Amino acid sequence: MTRTDTNHLITLNDDRTIPQLGFGVFQVPDEEAVNAVETALDAGYRHIDTAAVYKNERGVGAGIVRSGLTREQVFVTTKLWNTDQGTESVRAAIDHSCELLGSDFVDLYLIHWPAPTIDKFVPSWRVLVELREEGRARSIGVSNFHAPHLARVIEDSGVVPAVNQIELHPYMQQRELRAEHARLGIATEAWSPLGQGGELLQDPVLVAIAKEHESTPAQIVLAWHLAIGNIVIPKSVHAGRIAQNFNATEIELTDEQVTMIDGLDRGAAGRIGPDPDTATF
Ligand code: NDP
């Protein structure tokens with residue numbers, strides 16, 4: 001292991017801290033996740049984002065063991081899949097995730113999608129609140145929730161999610177939802193923060209700013225997320241990019257550069273992934 005970044009910690013509404021820059025493993029097969037996670041931890045990341053549906057929790061747990069770090073030194077997030085929502089099934093789901101991860105607890109447990117066609121996120125949230133009280137999940141939150149979904153869980157339980165993990169990148173900046181998070185005290189976590197490595201990373205504004213910092217467009221995008229206060233979880237399976245992305249913590253954008261990137265927002269037209277209100281999985 002080389003070094004750790006201690007300068008970018010976010011304090012959640014439950015007073016726990018989360019490293020602002022984490023490592024995502026969506027679409028990384030279980031066998032490859034071992035190497036990818038070990039490489040990320042060697043590069044300095046201390047926060048891994050997985051999910052039951054990614055089918056790589058075993059690889060994530062093995063990668064942490066291989067890194068030589070203790071479980072307490074790494075912040076691990078996993079997520080409850082839609083078909084496991086409901087009063088009866090949440091406990092079995094977290095038990096299975098913990099078993100695969102080789103851990104007695106998760107640092108952050110998220111309801112992965114509101115899944116309106118299932119409509120069990122409110123009773124599921126009640127169980128997450130119990131899991132937090134029991135220490136099985138040290139922090140609890142949600143993912144892909146819109147303001148009305150947030151309102152329903154808060155009204156029912158009185159417990160405000162610590163985090164909402166949502167699609168967020170310069171082409172879809174989620175301004176209204178971020179303002180609602182700020183009002184409620186919810187930390188915003190950005191998924192597909194690099195726009196999945198597509199068109200975004202060719203954007204002339206980002207290319208020009210990258211040149212000024214002798215860096216890459218991916219690093220500039222990550223530096224922007226950090227500057228505006230997002231928790232951010234880029235994914236890569238390549239050691240060079242894993243390290244490059246982590247080093248974005250060293251880039252400080254000027255206010256003018258942040259404003260230029262703010263100007264790239266396409267609103268909902270910039271969406272890459274499913275719309276939480278209409279997704280049927
Ligand atoms: P990202 O925006 O992180 O982009 C990943 C893609 O960008 C990969 O194809 C990767 O390729 C490429 N890439 C990474 N770094 C660079 C770089 N420096 N230069 C050029 N290309 C690069 O997309 P994800 O969708 O993976 O999102 C990140 C994480 O967010 C996921 O892994 C997951 O943990 C979480 N997520 C959560 C969702 C949710 O519903 N809650 C939904 C989707 C994602 P390569 O690997 O070949 O380097």
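1. A definition to start with: two strands count as paired if DSSP finds at least two bridges between them. Strand β8 (residues 163–167) and strand β9 meet that with five bridges, running in the parallel sense. Within this pair, Glu167 stands opposite Trp191 of β9. Please keep in mind throughout that this is a predicted model.

2. Stepping back to the whole sheet, you will find eight strands in an open arrangement, paired in parallel, in the order β3-β4-β5-β6-β7-β8-β9-β10. At its edges are β3 (23–24) and β10 (231–232), each of which pairs on one side only.

3. Where do the residues of β9 point, and are they buried or exposed? Ala187, Glu189 and Trp191 face one way, Thr188 and Ala190 face the other, and all are buried. Since five of the five residues of β9 (residues 187–191) are buried, the strand is largely enclosed by the rest of the structure.

4. Another pair to look at is β6 (residues 106–111) with β7 (residues 137–143): these strands run parallel and are joined by five bridges. Ile111 has Val142 as its bridge partner in β7. Helix α3 (residues 90–101) packs on the sheet here, touching β5 (75–80), β6 and β7. The direction of α3 makes about 140° with that of β6.

5. Now for the nonpolar interior. The largest nonpolar core has 71 residues, and the members touching the most others are Phe23, Tyr109, Trp125 and Leu253. Tyr109 is a nice one to click on: setting aside neighbours within four places in sequence, its contacts include Leu80, Val90, Ala93, Ile94, Leu128, Leu131 and Ile140. Also in contact with Tyr109 are Thr78, Lys79, Ala137, Ser139 and Gly141. Apart from the largest core lies another, of ten residues, among them Leu12, Leu108, Ala187 and Ile231.

6. Finally, a helix pair. Two packed helices are described by the angle between their axes and the distance between the axes. For α7 (residues 204–212) and α8 (residues 217–227), the axes come within 8 Å and cross at roughly 95°. Angles of 65 to 115 degrees count as roughly perpendicular, and α7 and α8 are therefore roughly perpendicular to each other. Leu206, Val207, Ile209 and Ala210 make the contact from α7, while Pro217, Ile220 and Val221 make it from α8. How do the residues of this contact divide into nonpolar, polar and charged? Seven are nonpolar, with no polar and no charged residues in the contact of α7 with α8.

Key: Residues numbered from 1 in each chain as written. Predicted model: local features only at pLDDT ≥ 70, side-chain atom pairs only at ≥ 80, totals over all residues. Heavy atoms only, no water. Axes fitted to C-alpha atoms, helices over the stretch in contact; angles between N-to-C directions. Helix = DSSP H or I, 4+ residues; strand = E, 2+ residues; numbered from the N terminus. Parallel < 35°, antiparallel > 145°, perpendicular 65-115°, else oblique. Contact = heavy atoms within 4.5 Å. Nonpolar A, V, L, I, M, F, W, Y, C, P; charged D, E, K, R; others polar. Core = buried A, V, L, I, M, F, W, Y, C linked by side-chain atoms within 4.5 Å. Buried < 20%, exposed > 50% of the residue type's maximum accessible area, 1.4 Å probe, protein only.
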